[in-house]
Amino acid sequence: MNIIGIETSCDETAAAVVKDGREVLSNVVYTQIPLHQPYGGVVPEIASRAHIEKITQVVGDAMKGQTVDAVTVTYGPGLAPALIVGLNAAKGLAKSLGVPLIAVNHIEAHLHSPFIYDSPDDAAAQLSDPREIGPMLGLAVSGGNTVWIDMPEYGKYEVIGETLDDAAGEAFDKAARTMGMPYPGGIALDKVAEDGDPHAFTLPRPVVHDAPYDFSFSGLKTAVINLIHNSAQKGIELNKADVCASFRYAVVDCLTTNFLRAAEDLGVKKLVIAGGVSANSLLRSTLEAECKKRGYEFYMPDKSLCGDNAAMVGSQGYYEYLSGNIAKTDLNAYATMSIE
Ligand code: KG4
């Protein structure tokens, strides 16, 4: 069964055709990053307008040479004026093709990204069907979300912890901006960090009392920004690579400590990460090593599938279809939406 996924929740206009929930037949992503760069972040009105301008072309490119049996679309969480563009395109496409319309949650879709593949020879193709993996613990970490999710069985989600303020990607982007890197600076910061000393600067690890898995990134972000500004005022030149490495180490330490503690507390031995920040080299290598040490199974998406894409939407949509979850034509978009 071929499903076209449509994704417009933030600053990527994306469409992809996925066969039987796993095999990616086409995957088109138009990124709006250059449009938002002058403003240092995503401007919802610009995002919405750019989605309108690109959606027909992106969907058309993804559908070239493909047959489509259903249309699935992200309906939240995300920027409402951006989501609505994908939603309306999906409704029109489903109606014109005479196929079912399926709605998916953006975070739930991200968690499917480790299981999708381009070619049956890819490592991801050798993994079990996500429905058969059993209890897992997920970390969805992006520019908009940082959330730890207990998944006792496929399709059942309980949020056990989340950031109380900034998402990890947002903290990366703001720290990077303070060091003069263009939006979104997370990727650049990750690269510069490779040449630095992660122990050069001691940064705080803020904890939330009475909520062991919740987290606050705002204090950590402010600490690195203060370090940079105070040094500049005193005329002290900081080694940029050391600042990047120390900050990256602090963020990854916070993310992995919470994650591994939760796994131990809940007795879960399978961990999955997804979202833009799951492309972070240190996060990937740390969790890979820690899981190996503990005998846990670890699932992470190919780096090309960490950020927003529509292949993950097509994947999630397939399993929704199998569960009989067909959307009505009055489907609406939701800026906030729990995965539970
Ligand atoms: O999932 P995503 O594409 O979009 C949403 O936020 O929904 O995530 C984008 C975020 C940005 O904050 C970006 O800086 C961050 O993911 N990111 C990274 C890396 N690659 C992308 N952060 C740290 N290290 C990376 N390698």
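**Helix H3 and the ligand shell**

Just after H3, Gly-98 adopts a positive phi of about 70°. The model is predicted, with local features requiring pLDDT of at least 70 and side-chain atom pairs pLDDT 80 or more, while totals for chains, interfaces and linings use all residues. Residues are numbered from 1 along each chain as its sequence is written, and side-chain values use heavy atoms, with hydrogens and water left out.

Helices (H or I, at least four residues) and strands (E, at least two) are DSSP runs numbered from the N terminus. Helix H3 covers residues 80-97, and its end C-alpha atoms are 26 Å apart, in agreement with the 26 Å expected for 18 residues at 1.5 Å a residue (1.5 Å times one less than the number of residues). Its buried residues (under 20% relative accessible area, 1.4 Å probe, protein chains only) include Leu-83, Leu-87, Ala-90 and Ala-94. Residues three or four places apart on an α-helix point the same way, because there are 3.6 residues a turn. The buried residues of H3 pack against strands E1 (2-7), E4 (70-76) and E5 (101-105), and against helix H2 (44-63).

Turning to the ligand, Gly-143, Asp-173, Asp-190, Gly-276 and Asn-280 come nearest among the 19 residues around it (a heavy atom within 4 Å). A polar backbone atom of Gly-143 lies 2.8 Å from a ligand oxygen, and one of Gly-276 lies 3.0 Å from a ligand oxygen. Taken alone, the ligand exposes 550 Å², of which the protein buries 88% (Shrake-Rupley method, 1.4 Å probe). Helices H4 (106-110), H5 (168-178) and H6 (186-193) each give two or more residues to the shell.

Terms used. Buried means under 20% relative accessible area, exposed over 50%, partly exposed in between (1.4 Å probe, protein chains only). Contact means heavy atoms within 4.5 Å. A polar contact is a pair of N or O atoms within 3.5 Å; within protein, one must be able to donate a hydrogen and the other to accept it, and residues adjacent in sequence count only if both atoms are side-chain atoms.
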